[in-house]
Amino acid sequence: MPRRWVPRPGWPGRLLAAGLLAVADQAIKAVITATLPAGAEVPVVPGVLTLTHVHNRGVAFGLLPGVPPGVLGLAAGLLAGLLIWRGGAALGTWQAGAGSVLVLGGTAGNLADRLRRGYVIDYVDLHVWPVFNLADAAIVAGSVLLAAGILRGTGNARAVPGRRDRRQGRPWR
């Protein structure tokens with residue numbers, strides 16, 4: 001019986017997925033800007049979820065307003081470079097791979113806003129947290145997954161060549 005091929009997304013697949021996330025983020029923001037004037041609110045679930053069109057000039061969740069876009073662009077570029085550079089060693093777990101996609105896609109979505117408009121469009125208001133957007137949620141969820149994946153994969157970096165991973169029954173890489 002022939003072996004079944006199972007695709008394993010490398011960096012091209014991850015970059016494509018991150019790009020699709022950034023495009024989805026930009027599409028939602030385009031709908032928000034076309035249908036809601038800045039500052040307008042539309043209750044979706046009264047008291048729980050409101051669509052609110054906000055211009056975020058701060059960093060994350062409106063913190064540190066007034067940071068120059070160049071500083072944010074440099075930070076985003078350094079983060080992307082670090083993820084790609086450490087890709088072979090640190091991103092061996094599915095959590096770290098998925099986390100890298102979410103962080104890169106979310107960063108690209110917000111960076112596109114910053115470069116084009118000078119601010120980020122936020123629209124999800126849960127009334128217990130600052131207003132945010134899809135890219136912000138992706139960055140936060142991706143950071144948690146990335147940290148979990150890197151921490152989970154740290155045992156591989158200390159492995160002795162020839163030893164087997166007891167959990168998986170295969171040689172260390």
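Which residues are linked in a network of salt bridges? In this predicted model, the network joins Asp 25, Lys 29, Asp 113, Arg 116 and Arg 117. The count of salt bridges comes to 4, and three of the pairs are described below, after an outline of the fold.

The protein chain has 173 residues, of which 33% count as buried. Its secondary structure comprises 5 helices and 5 strands. Read from the N terminus, the elements follow the order α-β-β-α-α-α-β-α-β-β. Helix 1 covers residues 11-35, strand 1 covers residues 41-45, helix 4 covers residues 94-117 and strand 3 covers residues 120-125. Helix 5 is formed by residues 134-157.

Two of the helices were compared with their expected span. Helix 1 has 25 residues, which at 1.5 Å a residue should span 36 Å; the C-alpha atoms at its ends are 36 Å apart, in agreement with that value. For helix 4, with 24 residues, the expected span is 34 Å, and the end C-alpha atoms are likewise separated by 34 Å, which agrees. Just after helix 4, Gly 118 adopts a positive phi of about 90°.

The buried residues of helix 1 are Trp 11, Arg 14, Ala 18, Leu 21, Ala 22, Asp 25, Gln 26, Lys 29 and Ile 32. The list thus includes the charged pair Asp 25 and Lys 29, which form a salt bridge with a closest N to O distance of 2.8 Å. These two residues are 4 positions apart in helix 1, so about one helical turn separates them. An α-helix has 3.6 residues a turn, so residues three or four places apart point the same way. Both partners are at the lower limit of accessibility: Asp 25 is buried at a relative accessible area of 0%, and Lys 29 is also buried at 0%. In helix 4, Asp 113 takes part in two of the salt bridges, one with Arg 116 and one with Arg 117. The closest N and O atoms of Arg 116 and Asp 113 are 3.8 Å apart, whereas the N to O distance between Arg 117 and Asp 113 is 2.7 Å. Arg 116 lies 3 residues from Asp 113, about one turn of helix 4. Arg 117 is 4 residues from Asp 113 in helix 4, which is also about one helical turn. The accessibilities of these residues fall into separate classes. Asp 113 is buried, at 0% relative accessibility. Arg 116 is exposed, because its relative accessible area is 53% and the cut-off for exposed is over 50%. Arg 117, with a relative accessible area of 28%, is partly exposed.

Asp 125, in strand 3, presents another case. Asp 125 counts as buried because its relative accessibility of 11% is under the 20% cut-off. Asp 125 has no salt bridge, and the nearest side chain of opposite charge, that of Lys 29, is 16 Å away. A polar atom of the Asp 125 side chain does, however, lie 3.0 Å from the backbone nitrogen of His 127.

His 127 is located in the loop between strand 3 and helix 5. Its relative accessible area is 41%, so His 127 is classed as partly exposed. The backbone of His 127 has a positive phi of about 70°, although the residue is not a glycine. Most residues other than glycine have a negative phi.

Asp 125 and Val 48 are 77 residues apart along the chain, and their C-alpha atoms are separated by 8.1 Å. Val 48 belongs to a nonpolar surface patch that it forms with Val 44 and Val 45. Together the three valines have about 230 Å² of accessible area. Val 44 is part of strand 1 and, at 44% relative accessibility, counts as partly exposed.

Conventions. Residues numbered from 1 in each chain as written. Predicted model: local features only at pLDDT ≥ 70, side-chain atom pairs only at ≥ 80, totals over all residues. Heavy atoms only, no water. Patch = residues over 30% accessible without salt bridge, like charges linked within 9 Å, V, L, I, M, F, W, Y side chains within 5 Å. Areas by Shrake-Rupley, 256 points an atom, 1.4 Å probe, with all protein chains shown as cover. Buried < 20%, exposed > 50% of the residue type's maximum accessible area, 1.4 Å probe, protein only. Expected span 1.5 Å × (residues − 1). Lys, Arg positive; Asp, Glu negative; His and termini not counted. Polar contact = N/O pair within 3.5 Å; in protein donor to acceptor, adjacent residues only side chain to side chain.
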